[in-house]
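Student: I am new to this structure and would like a close look at a single part of it. Could you take me through that part slowly, and then connect it to what lies around it?

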Amino acid sequence: MRFKNLTILTITEKTIEKIESTYHKLKGLAPLIYGSVGELKAIELFKRLPNGYYVINDYRQSFRPPLYNKHTDERIYSIQIDHIIIGPTGLFAVETKYWSKESIENNNFFSPVAQLKRNGYALFRVINRYITKNNFQAFLSSWGETKTSVINILLMMNTSTNQRFQFVTILTPKNFIQNITNRPVVLTDKKINALVNMLHR
């Protein structure tokens with residue numbers, strides 16, 4: 001039996017090393033890729049929010065000197081929040097995760113709950129300090145200056161958990177919009193505009 005145009009593939013040790021190196025590099029990028037996919041899916045989900053809600057993506061801020069959280073004895077030098085949502089029912093700091101069941105059960109990952117609490121605390125300090133400094137009339141009542149709360153949301157885009165945590169609400173795409181919009185109205189249009197302009201500068 002004859003074979004025409006037969007090419008014999010030979011794989012050298014060097015080729016195998018290159019393949020293994022490429023595999024490990026791609027594997028190392030997996031969390032970044034999954035994180036990007038989760039955040040893009042979240043942005044699509046946010047388009048279902050009714051008019052009057054504003055979304056700020058990838059909010060970052062540095063603090064010099066750092067903010068001090070006396071409750072955790074921690075100095076906060078910077079924050080990065082996946083999404084901030086501002087609307088009639090409040091101001092929400094949203095951390096998005098596109099984790100598998102294995103990732104949720106992996107105790108080596110940094111806790112997104114701790115990250116949210118830290119970022120939410122810093123954001124609360126930032127906005128209320130800014131409101132006080134600029135004497136915004138929209139945030140004054142006959143009783144005095146009001147405080148604007150930050151609601152921490154962990155949005156699990158893939159697999160979720162039944163665990164519950166203080167100061168953090170865990171949501172999925174199925175219950176996210178309803179949970180955000182069914183809360184009591186706490187912010188007027190003037191307050192919403194002031195917060196959006198402050199955080200979007």
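Tutor: A residue is called buried when its relative accessible area is under 20%, and exposed when that area is over 50%. Keep in mind throughout that this is a predicted model. The part to look at closely is the aromatic pair, and the helix that carries one of its rings.

The structure holds 1 aromatic pair. Its rings belong to F46 and F176, whose centres lie 5.4 Å apart and whose planes meet at 35°, so the pair is classed as tilted. This pair links distant parts of the chain, since F46 sits in helix α1 (residues 13-46) while F176 sits in helix α4 (residues 173-181), with the two positions 130 residues apart in the numbering. With the cut-off of under 20% in mind, F176 is buried because its relative accessible area is 0%, and F46 is buried as well because its own value is 5%.

Staying with the helix that holds F176, the buried residues of α4 are F176, I177 and I180. Seen down the axis of α4, these buried residues fall within an arc of 85°, and therefore they line one face of the helix. A general point about helices helps here: an α-helix has 3.6 residues a turn, so residues three or four places apart point the same way. On the other side of α4, by contrast, K174 and Q178 are exposed.

From this helix we can turn to the sheet. An open sheet of 5 strands follows the order β1-β2-β3-β6-β7, and its pairing is mixed. The edge strands are β1 and β7 (168-171), each of which pairs on one side only. From one strand to the next, the twist averages 40°. Helix α3 (residues 112-134) packs on this sheet, where α3 touches β1, β2, β3, β6 (151-156) and β7, and the direction of α3 makes about 85° with that of β2. Within the sheet, β2 and strand β3 (residues 90-97) run antiparallel and are joined by 5 bridges; as one example, H83 has V94 in β3 as its bridge partner.

At the edge strand β1 we find S62, which is placed in that strand. S62 counts as exposed because its relative accessible area is 52%, a value over the 50% cut-off. Leaving aside neighbours within four places in sequence, S62 is in contact with Y77 and S78. Measuring C-alpha to C-alpha, S62 and I76 are 8.5 Å apart in space, although 14 residues separate them in sequence. Further along, D73 lies in the loop between β1 (54-69) and β2 (74-87), and D73 is exposed because its relative accessibility is 54%. The side chain of D73 is also joined to that of Y68 by a polar contact of 2.6 Å.

A last stop gives a contrast with those exposed positions. T148 is placed in the loop between β5 (144-145) and β6, yet T148 counts as buried because its relative accessibility is 6%. Leaving aside neighbours within four places in sequence, T148 is in contact with F124, I127, N128, I131, F139 and L195. To return to where we began, the rings of F46 and F176 form a tilted pair, and F176 is one of the buried residues of α4, together with I177 and I180.

Note on methods: Residues numbered from 1 in each chain as written. Predicted model: local features only at pLDDT ≥ 70, side-chain atom pairs only at ≥ 80, totals over all residues. Heavy atoms only, no water. Helix = DSSP H or I, 4+ residues; strand = E, 2+ residues; numbered from the N terminus. Buried < 20%, exposed > 50% of the residue type's maximum accessible area, 1.4 Å probe, protein only. Polar contact = N/O pair within 3.5 Å; in protein donor to acceptor, adjacent residues only side chain to side chain. Pairing = 2+ DSSP bridges. Axes fitted to C-alpha atoms, helices over the stretch in contact; angles between N-to-C directions. Contact = heavy atoms within 4.5 Å. Phe/Tyr/Trp six-rings, centres within 6.5 Å; stacked < 30°, edge-to-face > 60°. Arc of directions from axis to C-beta.
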